[in-house]
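Dear colleague,

I am handing over the structure below, together with some notes on what was found in it. Please read the notes with the coordinates open beside them.

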Amino acid sequence: MQLLSKVKRILEKSGFELSELCSFKNVGFDLIARRGRELLIVKVLVNVDAFSDSVANDLKALASLLGASLLLIGEREGSKPLENDVIYFRNGVQTVNVKTLENYLVENVPPQVYAAPGGFYVNLDGEKIRKYREEKKLSRGDLARMLHVSRKTIRLYEEGMSARVEIAALLGEILHPSVISSFDLLKPVGPFKGHRKISETRWLYTFQKEILSLIERLGYKVIPIHRCPFEAISKESKNILLTVAQKYSVSLREKARMVRSIAEIAEKHAVIFIDKCVDGKRNIEGMPMIEKRELRQMKDPSEVMELVIEREG
C-alpha cells in the first residue's frame, strides 16, 4: 500500500483525476486516472515479475477498448531493483519505478533507456542520424569506423535499429545533437486482437452469459473483460457501456460504487443488468439498473441508452 500511495500522490501532483482504488479480489488493475484527454490504467506491484501474461492481456484489451495507456509500476524484478529512468517491459507492458514516473510526469523528463536481454538500449531516430551524418559530410563507412561497428550496422541504425547505451552516447557526441528517441509513457495501447467471445469465457456464470447474449442480439458488440469489476464492454455506434451483469446481492452496492467511479474517470456510461430490482429502485450508488425482463422486451439498442441516461443518479 505504501508504494501505491506514492503512485497516487505523483499522479495527483501532476494533475490527474483518480478513480477509487480497485480493492476487489481478482481485479487486474489498481486504478484509472485521467488528465485532460489522457487516460491511464495503472497496476502497482512491488515485484513486477508477479505480473502474469494473462493479466497483461486482459489489461491490454481493456486499455485498447477505452483508448487508454497502460503502465505497470514496481520496485524490483525478482531481487534486483528497477533502475531510475529506465523502461522495462513485462509481457508487452511498459514498466517503470516510482522515480521514473515522477521524473516523467512532474519533472517532464521522459525516459530514453530501456532494459532488454544483454543490457540497456535506446531507440534511435534513423532519419536524424542520416541527416546529421550527411550535414557533417560523413559516409556510412566513416561513421562506422568512428563507432567501431560495420557499415551495415550504420545502415540498420538509419533504418531504426536500436543501439546499446554506450554506442548511442558516442553517436551523439559525433553527430550532435542527440539522435535518441524518448519514450511516451502515456501513449495509448493500440488495437488488440485477442478479444474473447461470450461463449469462450469460462469465468462468466450462466446468468451473466445470458444477459450479455441478449445485449449482443440487440446489436451491441459485447467484449467480455476478465479481471475487471464489470463483466464486459458493450459498444454500439459511438456509445460505450461498462457493463455489469449480476444477480442482486448485498455486495452489489460496493461494486456499483467502484464501477461508477471508473466510468466517471473514463468518461463512459455504465449500467447494471440485474435479475430483479429491490424496493422499486432503478439505480444503486448512481449506477442505473435494468432488469432482465426489461432487456428481453427491448427491440433496439437505443432503448438501452435511453434507460441508462434516464436512470443515472
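Before the hairpin described next, one term is needed: two strands are taken to pair if DSSP finds at least two bridges between them. Please also keep in mind that this is a predicted model.

In the hairpin of β7 and β8, which has two residues between the strands, Asn91 takes a positive phi near 50 degrees. Strand β7 (residues 86–90) is antiparallel to β8 and is joined to it over three bridges, and Arg90 stands opposite Val93 of β8. Strand β4 (residues 69–73), by contrast, runs parallel to β8 and is joined to it by two bridges, with Ile73 having Val96 as its bridge partner in β8. In a regular strand the side chains alternate between the two faces of the sheet. Strand β8 (residues 93–96) is covered on both faces, since Val93 and Thr95 on one side, and Gln94 and Val96 on the other, are all buried.

A further part of the model is an open sheet of six strands with mixed pairing, in the order β13-β14-β15-β16-β18-β17. Its edge strands are β13 (221–224) and β17, each of which pairs on one side only. Strand β13 runs antiparallel to β14 (residues 232–236) and is joined to it by four bridges; within this pair, Ile223 has Ile233 of β14 as its bridge partner. Helix α11 (residues 301–311) packs on the sheet, where it touches β14, β15, β16 (269–274), β17 and β18 (287–291), and its direction makes about 135 degrees with that of β18. Helix α2 (residues 53–66) lies across β13, β14 and β15 (239–245), running at about 30 degrees to β14.

At the β17 edge, Asn283 belongs to the strand itself, which spans residues 283–284, and this residue counts as partly exposed because its relative accessibility is 29%, which falls between the cut-offs of 20% and 50%. Beyond its neighbours up to four places away in sequence, Asn283 touches Pro288, Met289, Arg311, Glu312 and Gly313, and a polar atom of the Asn283 side chain lies 3.1 Å from the backbone oxygen of Arg311.

Finally, Ser19 is found in the loop between β1 (17–18) and β2 (31–35), and it counts as buried because its relative accessibility is 7%. Leaving aside neighbours within four places in sequence, Ser19 is in contact with Leu31, Ile32, Ser261, Ile262 and Ile265.

With best regards

Conventions
Residues are numbered from 1 along each chain as its sequence is written. This is a predicted model: local features need pLDDT of at least 70, side-chain atom pairs count only at pLDDT 80 or more; totals for chains, interfaces and linings use all residues. Side-chain values use heavy atoms; hydrogens and water are left out. Buried means under 20% relative accessible area, exposed over 50%, partly exposed in between (1.4 Å probe, protein chains only). Contact means heavy atoms within 4.5 Å. A polar contact is a pair of N or O atoms within 3.5 Å; within protein, one must be able to donate a hydrogen and the other to accept it, and residues adjacent in sequence count only if both atoms are side-chain atoms. Axes are lines fitted to C-alpha atoms, for helices over the stretch in contact, and angles run from 0 to 180 degrees between N-to-C directions.
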